[in-house]
Amino acid sequence: ANLALTTKGTLSRTGYTFGGWNTLATGLGTNYLESASYKPTASIILYAKWTAGTFAVTFNANGGAGTQMTNLSITAGTGIALTANTYTRAGYTFGGWATTATGTTALTTLTPTANQTLHAIWTPRAFNIVFNGNTSTSGSMINLSMTSGVAKALTANAYLKTGFSFQGWNTASNGSGISYVDTQTVTLFSDTSTVTFFAQWAPRLPATPTISATAGNETATVTI
């Protein structure tokens, strides 16, 4: 008599879909569909046949920049090398991929069982601000250690220039760059080990003279 083969019931395999029954564990024997009619002639073991799913791995720049990386196709149960990162982020180094945007531990293996988005991990660079007196006549300043993306107050100016007043800092010696005021709190990003700030100077103007004279005198006193 013909028998209706049982359904898979509660059988499941993560990342795979049920493909019916087979007479060999390798799946290379005779296939039988789920609930198919079967006429037994002897005792037999039927093995569940599983079809591996194919999943897309998407690469998220997570604050970085660059052309969107091509998705990677991975079949369940197989290993594959992740695509080399092509994203960049000013002031940061690439630290690997994580399964969440806030992840800090880089993946060493990946076995997806569904479509997966990987997020770039970024490590902030450390660097120093070098304060350049830019023709100052006296004073000295030590470098200020900084971390990309972390706010910090600039060191108070300690340079002097005879006949000039300090006007703040600039990233260019001629003042054509970005300007900062003394002790300003700044958040900077750098891909180099040092960033130089140049002191900016303005000539001091002479004071307005005052003239005093006594009636009947032929001379006057001028005070500046």
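## Strand β10 and its partners

In this predicted model, β10 and β11 run antiparallel and are joined by four bridges. Within that pairing, alanine 126 has threonine 147 of β11 as its bridge partner. Strand β10 also pairs with β16, here in the parallel sense and over five bridges, and in this pairing phenylalanine 131 stands opposite phenylalanine 197 of β16.

The two faces of β10 are set apart by their cover: Phe127, Ile129 and Phe131 make up the covered face, whereas Ala126, Asn128, Val130 and Asn132 make up the uncovered one. In a regular strand, side chains alternate between the two faces of the sheet.

## The nonpolar cores

The largest nonpolar core has 16 residues, and those with the most contacts inside it are Ile129, Phe131, Leu154, Trp169, Leu188 and Phe197. The elements that give two or more residues to this core are β10 (126–132), β11 (144–147) and β16 (194–203), and β16 gives the most, with four residues. A second core, separate from this one, has 13 residues and includes Val57, Ile74, Tyr87 and Leu118.

Phenylalanine 131, which belongs to the covered face of β10, can be followed further through its surroundings. Leaving aside its neighbours within four places in sequence, phenylalanine 131 is in contact with Met141, Ile142, Leu144, Leu154, Thr155, Tyr159, Trp169 and Phe197. In soluble globular proteins, nonpolar side chains tend to be buried together.

## The four-stranded open sheet

Four strands form an open sheet in the order β7-β6-β9-β8, and the pairing in this sheet is mixed. Because β7 (72–75) and β8 (92–98) stand at the edges with a single partner strand each, one side of each is left without a neighbour in the sheet. From one strand to the next, the twist averages 30 degrees.

Strand β6 (residues 54–60) pairs with the edge strand β7 in the antiparallel sense, over four bridges. One of the residue pairs here is phenylalanine 55 with its bridge partner in β7, isoleucine 74; Ile74 is also among the residues of the second nonpolar core.

## The three-stranded open sheet

Another open sheet consists of three strands in the order β3-β2-β5, with antiparallel pairing. Its edge strands are β3 (31–32) and β5 (47–52), each of which pairs on one side only.

Strand β2 (residues 16–22) and β5 are paired in the antiparallel sense over five bridges, and threonine 17 stands opposite threonine 51 in β5. Strands of a sheet pair through backbone hydrogen bonds, either parallel or antiparallel.

How values were computed. Residues are numbered from 1 along each chain as its sequence is written. This is a predicted model: local features need pLDDT of at least 70, side-chain atom pairs count only at pLDDT 80 or more; totals for chains, interfaces and linings use all residues. Side-chain values use heavy atoms; hydrogens and water are left out. A nonpolar core is a set of buried Ala, Val, Leu, Ile, Met, Phe, Trp, Tyr and Cys residues joined through side-chain atoms within 4.5 Å. Buried means under 20% relative accessible area, exposed over 50%, partly exposed in between (1.4 Å probe, protein chains only). Contact means heavy atoms within 4.5 Å. Two strands pair if DSSP finds at least two bridges between them. Axes are lines fitted to C-alpha atoms, for helices over the stretch in contact, and angles run from 0 to 180 degrees between N-to-C directions.
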